[in-house]
Amino acid sequence: MPANRRTSGVLLHLTSLPSRFGIGDLGPEALRFAEFLALAGQSRWQMLPLGPTASSLGSSPYSSFSAFAGNTLCISPEGLSEDGLISRRELDRFAMPVLPRVDFPAVERARAELLRQIFDRLMPVDGDGELEDEASFATFRGDNAAWLPDYALFMAAKEHFGGASWTGWPEALRHREESALREYGTMLHREVVFHQFCQWLFFRQWGRLKWELGKLDIELVGDVPIYVTHDSADVWANQGLFRLDAEGAPLLVAGVPPDYFSETGQRWGNPVFDWDAAQATGFDWWIRRLRHNFGLFDVVRLDHFRGFEAYWEIDAAEETAVNGRWVPAPGEKLLEALRAAHGSLPLIAEDLGIITPAVVALKERFGLPGMKILQFAFGPHTPTSPDSPHNHEKNSVVYTGTHDNNTTRGWFEAEATPAVRRVLARYLGRAMTKDTIVREFMRLALASPAADAVLPAQDLLDLGAEHRMNTPGLAAGNWGWRAPQDALCLCGAGRALAEELRGLCELFGRTAAQEPEAPNEP
C-alpha cells in the first residue's frame, strides 16, 4: 500500500468467527468476513497469535507450544471436504452446538478425532493408503525444516509422556542427545508424521485465505509475543537461548513491575532470553521467527515492545514480580539484524504502559508506528496524553481498545468514572451515554491523524462487557468469545453495518479508493 495512505481495519481473532464446528476457522466464514471487510472499505484484518493452544494452558494464543506452528483447531472441516479428504456426510458427525463462547476442550477432542481419521485413511499403518499431494507435503516439510521436525517430535513426545512438560522427560531426551533424538524419532515416527501432516493442512488453508484476501486488497496483521512458553518446542530445541538451569527449568522469568493496576506487578513466568547467546548467533532464531511471520502476514504487531529496550527480570523462585529488576536488552542490534535480513520492518510496536524516552527513541530510530488507545485517553491527563486524538502522530495505529481491554460499551458502563465522563463530555461537546459512546469512539478513531485505525469487532457490533476477549489476571474464561452468526457478513444487518462503516471511512479518507489529493499549486 502507498506509504501515505490512511487505512482502517478490524481486530477479530480467527477463533472468534462463527462456525458449525465449535470454533472459528479458515473456512467459508473467514471468506464471508473478508467480503464484509471489502464492502466496508477496510484495508486490514488484525488477528491475535496463531500458534497452537491448549485448554491446559488456558487456551491463550499468547501461551503456545510453538512460535512457528499453526493452530490446528482452526483447520476448516469444510475445506478438508472440498479437498476430497472427507465427505460432507461424515462432517455432520463433527458439527457442534452453536454457543456464544468456544468450548475449547470439546473442540480439541473433536478436531483431533477428525484429523486422526483423515490421517489414518490416507496413511494407514499397513501402508496401503495414498496421499495424492505427496509432493506438496514433501515440499512443505523441506521448506519448514528449520522448525517442523523439532515441533513434531516435541508434540509426539509430549503425548507419549502423558502431557508432561519436557523437563519431566528422560534426561537424554530432555538434553536432546543425538542418540535419544534418533531413538524417539524412530519409535514415535508415525506420530511425528501426523503432526507434520496437520501443519501442512493448516498452512495450505492459510495460504488460500491469504490469496483471497490479496484479491480483495486486504492486508493481514499478525501478532508476535516477545516471550515464548517454557513448555514449548522453541525452548526445548533452543535451550541455550534462554536463562535455564542444568535441568531446563527457568532461572529467571519475565513480567512487569508493580504499578497503579497491581501492587505486586505481573509475574508472567516465561523464561527470559539469554541475549548474549542470541547475539552470538547473529540473532538467527529471531530472524527465522520474524521471517516466518512476515510470510504469513503483511504487517506484524510486536508485543511488549518495551522489552526490547529493557525488560523486567524476576528470579524464578519469587512468587510475585515485586523483587524484579530492569535489565537492558539489545533491541537496536536485534532490529538492525532483522532489517538487514528482511530489507524492511513491517512492524507495529506495542508500546503501551509506562514507556521511557529510551523506548520511544528505539521505536523512532526504526520508524515503527506505535499504538494509541482511546480508552486510555480521558481524564486529568487528557491535554498531554499520547492517547488523546489531538496528540496522535501520523505514524501510529489508533484503537478504541485492545483484546486486553473491556469493550468500549463495557468500559463506559463499569470503568469510566464520573470524572472521566465529565472530561469526555467536554472533549466531545456533549454528554455520552452507553448507547452513544461506541459510535463516538469509532468516529474519533477514524478521524484521528493516525495513519491506521483498527476497531475491535466487539466495538463494531456495540457489545457489552460480557463479550470481551480477555481479562488480564483472570485465569479462566478468556479467549472464547465468538461473533454472532451473520453479524459480520453481507446479509441482513451485516450488510447495513458494512455500508455504515464504509461511509465513515469515506468521510475520513480511509477507504482503498481514496488516495490523498495533491496540494493545489499557488
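Me: Ala, Val, Leu, Ile, Met, Phe, Trp, Tyr, Cys and Pro count as nonpolar, Asp, Glu, Lys and Arg as charged, and the others, Gly among them, as polar. On that basis, how many residues of each class does the lining of the second largest pocket have in this predicted model?

Reply: The model is predicted. The lining of the second largest pocket has 10 nonpolar, 8 polar and 5 charged residues. Among its 23 lining residues, Thr53, Phe65, Met155, Glu159 and His195 lie nearest the centre. By the definition, Phe65 and Met155 are therefore nonpolar, Glu159 is charged, and Thr53 and His195 are polar.

Me: Which helices supply at least two residues each to the lining of the second largest pocket, and which of them gives the most?

Reply: Helix 4 (104-122), helix 6 (148-160) and helix 9 (189-215) each supply at least two residues of this lining. Helix 4 gives the most, with 5 residues. The volume of the second largest pocket is about 550 Å³.

Me: What makes a space a cavity rather than a pocket, and how many cavities of 30 Å³ or more does the structure hold?

Reply: In a cavity a 1.4 Å probe fits but cannot get out, whereas a pocket is an open set of points. The structure holds 8 cavities of 30 Å³ or more. The largest cavity contains about 240 Å³ of space. It is lined by 25 residues, and Pro49, Gly51, Ser66, Ala67 and Pro225 are the closest to its centre. Helix 9, strand 3 (219-224) and helix 12 (284-296) each give two or more residues to this lining, and the largest share, 4 residues, comes from helix 12. By class, the lining of the largest cavity has 15 nonpolar, 7 polar and 3 charged residues.

Me: How do the residues that line the second largest cavity divide by class?

Reply: That lining divides into 6 nonpolar, 11 polar and 2 charged residues. Leu11, His403, Pro456, Gln458 and Met469 lie nearest the centre, out of 19 lining residues. About 150 Å³ of space lies in this cavity.

Me: Why is helix 17 described as largely enclosed by the rest of the structure?

Reply: A residue is buried when its relative accessible area is under 20%. In helix 17, 8 of the 11 residues are buried, so the helix is largely enclosed. These are Ile437, Val438, Glu440, Phe441, Met442, Leu444, Ala445 and Leu446.

Me: How do you know that the span of helix 19 agrees with its number of residues?

Reply: The expected span is 1.5 Å times one less than the number of residues. For the 15 residues of helix 19 (residues 493-507) that gives 21 Å, and the end C-alpha atoms are 21 Å apart, so the two agree.

Me: Which residues of helix 19 are buried, and what puts them on the same side of the helix?

Reply: Gly494, Leu497, Ala498, Leu501, Leu504 and Cys505 are buried. They cover an arc of only 125° around the axis, and therefore lie on the same side of helix 19. Their cover includes strand 1 (7-11), helix 1 (28-39), helix 17 (437-447), strand 12 (452-456) and helix 18 (457-460). Gly509, with a positive phi near 70°, follows helix 19.

Me: Why does Asp462 count as partly exposed?

Reply: Partly exposed lies between under 20%, which is buried, and over 50%, which is exposed. Asp462 has 22% relative accessibility and therefore counts as partly exposed. Asp462 sits in the loop between helix 18 and helix 19. Its phi is positive, about 55°, although it is not a glycine.

Methods:
Residues numbered from 1 in each chain as written. Predicted model: local features only at pLDDT ≥ 70, side-chain atom pairs only at ≥ 80, totals over all residues. Heavy atoms only, no water. Buried < 20%, exposed > 50% of the residue type's maximum accessible area, 1.4 Å probe, protein only. Arc of directions from axis to C-beta. Contact = heavy atoms within 4.5 Å. 1 Å grid on protein atoms, 1.4 Å probe; cavity = no way out; pocket = protein on both sides within 12 Å on 5 of 7 lines; lining within 4 Å. Points joined across faces, edges and corners; volume = space filled by probe spheres on them.
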